Amino acid sequence: MAKGRKKSLEEKIREAFKKAGRPLLLRELYHLLHIPKTERAAFRRLIKRMVGEGLLVHIKGRRYGLPEHMQLVAGRLSVHPDGYGFVNPEDENTPSVFIPPGRLKGALDGDLVVARIERRTKKGPEGTVIRILERRRKKIVGFFYRSRRVSTVIPEDERLPIEILIPPDKTRGAEDGDLVVAEITDFSPGRRIPEGRVVEVLGDPEDLETQARAVIYNYELPHRWNRRVREELRQIPDTVRPEDKTGRRDLTRVPLVTIDGENARDFDDAVCVRRTRTGYKLYVAIADVSHYVLPGSALDEEAYLRGTSVYFPNMVVPMFPEKLSNGICSLNPRVERLAMAVEIDFDREGRVRKSRFYPAVIFSHARLTYTEVKAMLVDRDRELRRKYKSLLRMLENAAELAMLLRERRLSRGSIDFDLPEPEVRLDVQGEITDIVRRERHLAHFLIEEFMIAANEAVARFLEDRGYPFLYRVHEAPEPLKLKEFVEFARTLGLDLEVPLEPDPSWVQEVVRLSAGKPYAYLVNMLLLRSMKQAQYSPENIGHFGLASNCYCHFTSPIRRYPDLVVHRVLKAALRRKRPPYPYEKLTEMGKHLSQRERTAMEAEREMFERVQVRFMRDHIGETFTGIISGVTAFGFFVELEEYFVSGLVRLVDLHDDYYFLDEKNHRLVGRRTGKIFRLGDWVRVRVREVNLRRRQITFELVEKLTPAH
């Protein structure tokens with residue numbers, strides 16, 4: 001049964017139930033929808049799938065019905081650590097169903113369930129889980145506890161309020177207190193305690209590597225290479241062979257260099273800038289992963305499944321095996337490598353005059369760090385300038401061009417939020433020594449601008465030739481969100497008008513107006529929250545944040561699958577071959593890869609939270625200055641100025657007044673004193689408590705500071 005037919009048939013099935021107004025037998029559906037005998041097996045499979053997805057409900061007497069006709073709601077269950085939950089339907093217009101403690105009926109956080117609505121309250125419907133359609137968590141990370149007679153695993157996630165009984169022969173040698181991965185083998189109806197087995201022992205919960213592996217399992221990140229991948233790896237050479245160079249331009253004499261962080265090991269890009277009579281020539285060489293990873297290969301399938309590399313402070317879950325990511329594909333210094341080159345000529349004002357694209361062989365002349373480049377160009381470090389004397393003129397040309405491009409990009413309205421990012425520092429033993437704000441300076445701008453220029457050039461080239469590919473798109477924010485922001489900004493004294501149409505230059509102007517003011521952090525944060533998330537799509541709707549009307553990701557094929565897709569399309573376009581991906585396939589890929597990116601971001605965020613709490617455990621009782629970064633009905637969050645760490649000041653610990661949440665103005669207000677705690681206010685706090693399991697840091701207020709603090 002064709003996919004398009006299935007969809008229309010789903011609609012017909014739902015219409016048949018609505019028209020009948022009662023549950024129906026399978027044979028009644030055959031008759032009503034005129035399903036011939038030859039197609040009934042496929043029809044039954046469709047009905048089974050609709051039941052599995054909660055679109056239909058299978059009831060007694062072999063009948064089926066629509067859940068909404070039976071006071072039933074299907075959706076994902078979200079469980080709170082206190083034992084209650086909500087069933088959230090896929091349809092956003094259908095309200096969530098509150099499930100009180102004791103009525104989960106064995107359902108766990110994330111499961112796809114059917115709930116029966118039993119009463120309707122002012123807050124919304126309330127009900128009971130009556131069926132579990134799909135277990136979301138196949139494997140559960142938890143703490144292993146061994147006693148003389150029985151062993152159990154207590155899930156690390158408090159939204160899973162269960163114990164898992166582990167038989168003596170299913171412990172896999174776990175020691176008491178170890179963090180393990182358990183699989184539930186028996187959770188049949190009526191069973192109070194599920195039975196399971198340990199599938200992997202992660203180790204000591206105090207160890208940072210154990211914590212990283214826990215996150216890998218929590219987010220089901222693929223992290224092992226299957227046999228087919230390992231076999232393919234054996235066929236890939238360790239060095240560039242003579243036959244690999246055929247049809248490629250020799251750029252080995254061009255003084256290309258890589259510029260990355262100190263800990264980088266996979267080098268996607270190398271750059272070089274030359275002065276010309278009319279302006280500048282920029283070379284951007286990007287690792288030619290597509291030469292080694294062919295469509296449909298095991299390596300390709302695994303990379304697509306992963307979608308992106310995931311970066312933790314102490315390790316990487318890579319998209320490609322090390323032989324590729326750190327070896328033959330990485331633009332390592334002083335060895336030949338295959339690359340896709342982008343060559344762009346700019347005039348003296350930084351305007352693009354001409355772009356060229358071709359496969360090349362390159363030779364990286366140096367592996368430079370951001371710190372070294374800044375030391376040479378900004379701090380004028382004599383020793384480093386002497387060491388890299390042969391590259392100095394090229395780097396100065398690069399800095400000139402980068403600042404021209406940055407100025408042009410900002411002048412068109414590209415948004416540059418002044419919100420720092422964290423950097424976790426580890427010692428040689430892998431222990432956390434510091435959490436600092438990541439520095440951004442000229443060397444970072446240099447690489448950022450050249451990568452944006454290359455990405456735009458490739459996107460324009462492919463669009464002009466009519467080749468479908470994956471754009472990197474970013475929708476404009478919703479006007480209502482900007483209206484709410486403007487209303488709040490006016491309370492700060494910013495004289496703003498709601499734009500008729502959301503425009504990046506308007507957002508950029510707001511950032512500029514607030515720069516240097518006490519509320520700058522607050523304005524940047526709220527503006528960022530009003531933005532939508534960027535994603536991948538074959539439909540070009542532009543990139544709002546960059547104020548770019550044609551943009552893609554091309555410059556990181558070692559760590560992002562969408563970039564590999566663009567490389568393949570570019571090669572096809574250069575050879576005037578048929579487009580490698582149809583539009584419909586790209587639509588499907590864009591959704592999958594956008595989701596993989598979001599999953600990676602969530603996993604990285606959780607790992608950072610685990611690092612934060614372990615770091616702050618050694619600072620209990622110490623006092624710090626911080627800024628209020630969030631307000632809720634139960635307290636306010638404070639981000640420390642010294643360390644990039646957030647924690648909560650609870651309202652129950654503020655004994656001077658009763659406070660209520662003024663949600664519209666992002667503040668808490670004292671009923672008696674009128675005292676205000678607002679987003680962006682500076683405070684002094686003391687570290688009161690650190691809960692490793694809940695990943696929570698609790699502060700107590702010492703004093704509220706003046707804006708200048």
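In this predicted model, Val507 has a relative accessibility of 0% and is therefore counted as buried, since the buried class takes in residues under 20%. The residue belongs to helix α13, which covers residues 504–514. When residues up to four places away in sequence are set aside, Val507 is found to touch Ile415, Phe417, Leu527, Met531 and Phe544. A further relation in space concerns Leu528, which stands 21 residues from Val507 along the chain, with 9.7 Å between the C-alpha atoms of the two.

A second buried position is provided by Gly110, which lies in a loop rather than a helix, between β6 (97–99) and β7. Its relative accessibility is 6%, and because this value falls under the 20% limit, Gly110 is also placed in the buried class. Apart from its neighbours within four places in sequence, Gly110 makes contact with Arg76, Leu77 and Arg136. Between the C-alpha atoms of Gly110 and Lys139, which are 29 residues apart along the chain, the separation is 12 Å.

Strand β10, formed by residues 151–155, is mostly covered, with five of its five residues buried. As a general rule, side chains in a regular strand alternate between the two faces of the sheet. In β10, Ser151, Val153 and Pro155 point one way, whereas Thr152 and Ile154 point the other way, and all of these residues are buried.

The pairing of β10 involves strands that come before and after it in the numbering. In general, the strands of a sheet are paired through backbone hydrogen bonds, in either a parallel or an antiparallel arrangement. Strand β9, residues 139–146, runs antiparallel to β10 and is joined to it by five bridges, and one bridge matches Phe143 with Ile154 of β10. These two strands, β9 and β10, make a hairpin in which four residues lie between them. Strand β11, residues 164–166, is likewise paired with β10 in the antiparallel sense, here over three bridges, and Ile164 of β11 stands opposite Val153.

Elsewhere in the chain, five strands close into a barrel, following the order β27-β28-β29-β34-β33, and their pairing is mixed. From one strand to the next, the twist averages 50 degrees. Within this barrel, β27 (residues 623–632) and β28 (residues 635–640) are paired in the antiparallel sense over six bridges, and Ile628 has Val638 in β28 as its bridge partner.

The second largest pocket holds about 660 Å³ of space and has a lining of 25 residues, among which Gly54, Ala74, Pro89, Glu90 and Asp91 lie nearest its centre. Sorted by chemical class, the lining is made up of eleven nonpolar, five polar and nine charged residues. At least two lining residues are supplied by each of four elements, namely the helix α1 (3–20) and the strands β4 (72–79), β7 (112–121) and β8 (124–134). The largest share of this lining comes from β4, which contributes five residues.

Methods: Residues numbered from 1 in each chain as written. Predicted model: local features only at pLDDT ≥ 70, side-chain atom pairs only at ≥ 80, totals over all residues. Heavy atoms only, no water. Buried < 20%, exposed > 50% of the residue type's maximum accessible area, 1.4 Å probe, protein only. Contact = heavy atoms within 4.5 Å. 1 Å grid on protein atoms, 1.4 Å probe; cavity = no way out; pocket = protein on both sides within 12 Å on 5 of 7 lines; lining within 4 Å. Points joined across faces, edges and corners; volume = space filled by probe spheres on them. Nonpolar A, V, L, I, M, F, W, Y, C, P; charged D, E, K, R; others polar. Pairing = 2+ DSSP bridges. Axes fitted to C-alpha atoms, helices over the stretch in contact; angles between N-to-C directions.
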